[in-house]
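Colleague: Could you take a close look at one strand for me, and at the aromatic rings that go with its surroundings?

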Amino acid sequence: MSRPGSDRPLRPVRSYVLREGRMTTGQQRAFAELWPRFGVEFEGNVSLDPAALFGNTHPVTLEIGFGNGDTLAELAARYPEHNYLGIEVHRPGVGRLLLTLAERGLGNVRVLRQDAVAVLEHGLPPTSLAAVQLFFPDPWPKHKHHKRRIVQPALLDLLYPVLQPGGLFHVATDWQDYAAHILRVLEADPRFANTAGAGQYASRPAGRPQTKFERRGERLGHGVWDLLFRRR
């Protein structure tokens, strides 16, 4: 998966750093042939209508920075009674997901190639999301770059209005320092409650598929930290 990062939300903000790779012929074809089926054009100032996008009123989960889309596609296959809205800016990853959705016949996913901050600010109706997931965001390990980490109080200000009461914000990271940072930020906000208990990390939910790089990290002895917080 790619790692969405963040600049401080008080300048013209992006939730990512664009490191565009080369697209395969198949991924290029996917944009031409499959984007009209799965892609969502976001005008920037017009709120999306999830019921219209999916043709039903099933619960909607938003994934920020889905990378190559493997986790998002697997979740959509496991839980067809849920809808999934994926945001990713990197064209190769978007193209790969489009191909996967068509190959697996998944109709409960829609894709945005946008800055997640812009979508959260202007693109979603209040309380329209059952969950938001952010898996392995860019940790920005250098201290001078910590301000670029996407999980900051300003992000919670954007998440709170669009999450339903009781809605879940699920973050996973393989950087212990970033996990501690995320825990501090979330526990300092009284609008969100730690499902694992104060000061605790959650066990990996059975419903979250492991990524290839996560399994590789475990073989190397790397840790993974899951944080699950509910909107009060």
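Modeller: Here is a walk from strand 7 to its neighbours and on to the ring contacts. This is a predicted model, with local features needing pLDDT of at least 70 and side-chain atom pairs counting only at pLDDT 80 or more, while totals for chains, interfaces and linings use all residues. Residues are numbered from 1 along each chain as its sequence is written, and side-chain values use heavy atoms, leaving out hydrogens and water.

Strand 7 covers residues 225-231, and 6 of its 7 residues are buried, so the rest of the structure largely encloses it. Buried means under 20% relative accessible area, exposed over 50%, and partly exposed in between (1.4 Å probe, protein chains only). Strands are DSSP E runs of at least two residues, helices are H or I runs of at least four, both numbered from the N terminus. Pairing of two strands takes at least two DSSP bridges between them. Strand 5 (residues 163-173) runs antiparallel to strand 7 with 6 bridges, V171 being partnered with L227. Strand 6 (residues 192-194) is also antiparallel to strand 7, through 3 bridges; there N194 partners F229.

Now for F192 in strand 6: it's buried at 3% relative accessibility. Rings of Phe, Tyr and Trp (its six-membered ring) pair with centres within 6.5 Å; planes under 30 degrees apart are stacked, over 60 edge-to-face, the rest tilted. The whole structure has 2 aromatic pairs. F31 and W35 are stacked, because their centres are 5.9 Å apart and their planes at 20°. Y160 and F192 sit edge-to-face, 6.1 Å centre to centre with 75° between planes. That pair links distant parts of the chain, with Y160 in helix 7 (residues 153-162) and F192 in strand 6, 32 residues apart. Y160 itself is partly exposed at 24%.
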